[in-house]
Amino acid sequence: KNLSIAESSLPGSRFPLEGASDADIGTNAQLSYTLSRTEHFRVEEENSNSRSKSLFLVLTKPLDREMVPVHRLVLTASDGGRPSLTGTMELVISVLDVNDNAPQFNQTVYNVLLPEDALKGKLVARVSATDPDLAIYGEVIYEIDTIVPPSASGVFSIDEKTGEIGLTGALDFETVAFYDLQIKAKDKGMPSLSGHCKVLVEVLDVNDNAPEVWVTSLSVPVPEDASVGTVVALLSVSDRDSGANGRVRCAVWPAAPFGLVSTFAGSYSLVLREALDRERVSEYEVEVRAEDGGSPSLRGRRGVRVPVSDVNDNAPAFAQAVYTVLARENNAAGAELARLWARDPDEADNGRVRYSVWEGGVGGVASAGGGWRPASSYVSVDAESGRLWALQPLDYEEVQVLQFEVRAVDAGEPPLCGNATVQLFVVDENDNAPALLPAGSGGPGPGVSGEAASGALWAWAAWGAPAGQVVAKIRAVDADSGYNAWLRYELWEPRGKGPFRVGLYSGEVSTARALEEADGPRQRLVIVVRDHGEPARSATATLSVSLVEGTEAALAAAGSSLSSGAVLRAGLRPAEGGAAATGAAATTNVWLVVAICAVSSLFLLAVVLYGASRWAPRAGVLSGPGPATLVCASEVGSWSYSQRQSRSLCVADGAGKSDLMVFSPNFPPPPGPAAKETQPEPPALLDTVSGPPCLASRPFPDAPSSFSPSRPSLCSVPSLLLPGHAVVGAGLSPRVLPHPAEVRVGR
């Protein structure tokens, strides 16, 4: 018997069965039923008054098709006879399926590790659920029920048939590091049943984020005198990655003059490590570089602009320590002489320079009146431009070199200054004509000035004077210098071949030939003195030369030299003008000639006596028992000698080139004979010494017959010198004789 029972049937459900039949009657026909052993069914008869009995199969326990889809039972019917007879029937019970099982996943939790750089379409996981039901009741459909966080709903997708979970969006560890997916599997029953599982996706960090640097505080500009350690900026450094990928190292570039100091995790201070100089670098572009510990490492950077503010730390400096300026004399007042420039690398007021002539420096010149004139009385400097200009015309004859200092001061606080020395050289111009000097004067005489100035001078010359004899000398000076003061002398009148000529550069007036009586008693010479300037300037001198006899010329020359001290060889004097002046001068000259003659006679007598004593040859002999004194005169002094024992001294004629001088010290002589015997006689100190003639204090009674004052002779004169006498001769050093010695003297 085949039966189909739904597995959803409840216990107690009755299923009718067809009973057995027995042809016997009575007791033998009374039937009883038994069912093979089973826990799900039993057989039950229904007793009723009806003539037939009903047989039922009763469900005692719920069926489960998924466990036992078919039950095979044997139903046995037995009669009441003896022996009892039985009949059997096999019951094949098929359990009909119903949707009573929900899909079941093989794992309740799926753990997935996924790198954040995974590409779209990557398989994240494959889930699997089973449903033991049959047909559509066992067909499973997959879907993502919920996802945490909800914003990641588009990141993952699942195949409803296969249960494969794929990546449809980009992962970002720094945004979401963990995903929780609730997966539902349901069948197609009505109503459908479903099962659930959880998929946990952990995103693995990769080094996909570079470090980030942020400036949280910036203190600029930085003054250039800021001290080392000053905090310039506060920085914050972060890396969204984790682990080694998020560990950051920081550095600053360039390495100087700033550095980084870590204050706490992720925070740094940009501090000053070296002194600043705005004049060298006025602004710094600092780059803070951050590098993480990933592999490969990523870098981040942040530029920081740090301007440097100026302080007044630089004094103005001139381009040159010493300026050399050339200025022509007689320049116009207000003329620009030079431009000075001082550089101050500071900015604004700290670099604004003003110029001035520094009165406290070494500058100025001595004025002609003996006072001191500061440089500021000659020159001035423009305060703004540094232009140096003259306050007055410069005169080379007053000042040749003007040295002063120019100061440059900035407008900073406190102000700084720099100095430069200016050496102003005045260039000479030919603005002075030669000036004639009168006799016995060192400067120009009265009435001599300018190009038209002239002077009249007198001179005397003797008739018969040979050619080349100087009769006068014209003296002139020029206040200019160099070529402008280089003078030349020219004979302007008379032109042609006259008896006189003048030295081109010496100014000496000399005879061009021998003077004759035909030349007349007087010659008038006009001499022009010119300098070498451009244009040349000149002065004129008139020289009157009187031609006289030789004796008169000598007396005139001597009288002129003694009375006026003129440098003119023949006694230059200023000329007198007019006839009255000439008469008065003649009367005066008579007495002047008498005085000159007297003085000249005395002078000539002295010269004759000196020459006779100087150059006349003679000899002196000292002899006799009494004291004898010999006096020797020379150019440098005289010496005397006294001794009881006399000796002869012979001196030849002629002037000697050197002298022998013996000076006696002021102490008494030693005992005579005893000292002489004990001391050995030394050799002669001097063989021959040329010396001056000597004058004897008495005649020469012991002179040998061969001696003649007029004939040169050589004689040996032993002379006894006392100990301690010094002997000085040509080519010898002074020596002191400790004992008597013999000195040989000769030509």
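Two strands count as paired here if DSSP finds at least two bridges between them. Keep that cut-off handy for the exercises on this predicted model.

**Exercise 1.** Work out how strand 2 and strand 5 are joined, and in which direction they run.

*Solution.* Start with the count: four bridges link strand 2 to strand 5, the latter spanning residues 54–59. The cut-off is at least two, so the two strands pair. They run antiparallel. For one bridge by name, take Leu 17, whose partner in strand 5 is Leu 55.

Now zoom out. The open sheet has three strands in the order 2-5-4, paired antiparallel. Its edges are strand 2 (14–17) and strand 4 (41–46), each pairing on one side only. From one strand to the next, the twist averages 30°.

**Exercise 2.** Find the edge strands of the sheet with order 38-42-41.

*Solution.* This is an open sheet of three strands with antiparallel pairing. Strand 38 (470–473) and strand 41 (500–502) pair on one side only, and they are the edges. Neighbouring strands are turned by 25° against each other on average, direction ignored.

Next, check a pair: three bridges connect strand 41 with strand 42 (residues 508–511), and the two run antiparallel. Phe 500 sits opposite Thr 511 of strand 42.

**Exercise 3.** Decide where to go easy on the details.

*Solution.* The protein's average pLDDT is 77, with 72% of the residues scoring at least 70. Residues 560–585 fall below 50, though the model gives this stretch 47 contacts beyond near neighbours in sequence. Residues 619–747 are also below 50, with 208 such contacts. Where pLDDT is low, predicted coordinates shouldn't be read in detail.

Terms used: Residues numbered from 1 in each chain as written. Predicted model: local features only at pLDDT ≥ 70, side-chain atom pairs only at ≥ 80, totals over all residues. Heavy atoms only, no water. pLDDT = per-residue confidence, 0-100. Contact = heavy atoms within 4.5 Å. Axes fitted to C-alpha atoms, helices over the stretch in contact; angles between N-to-C directions.
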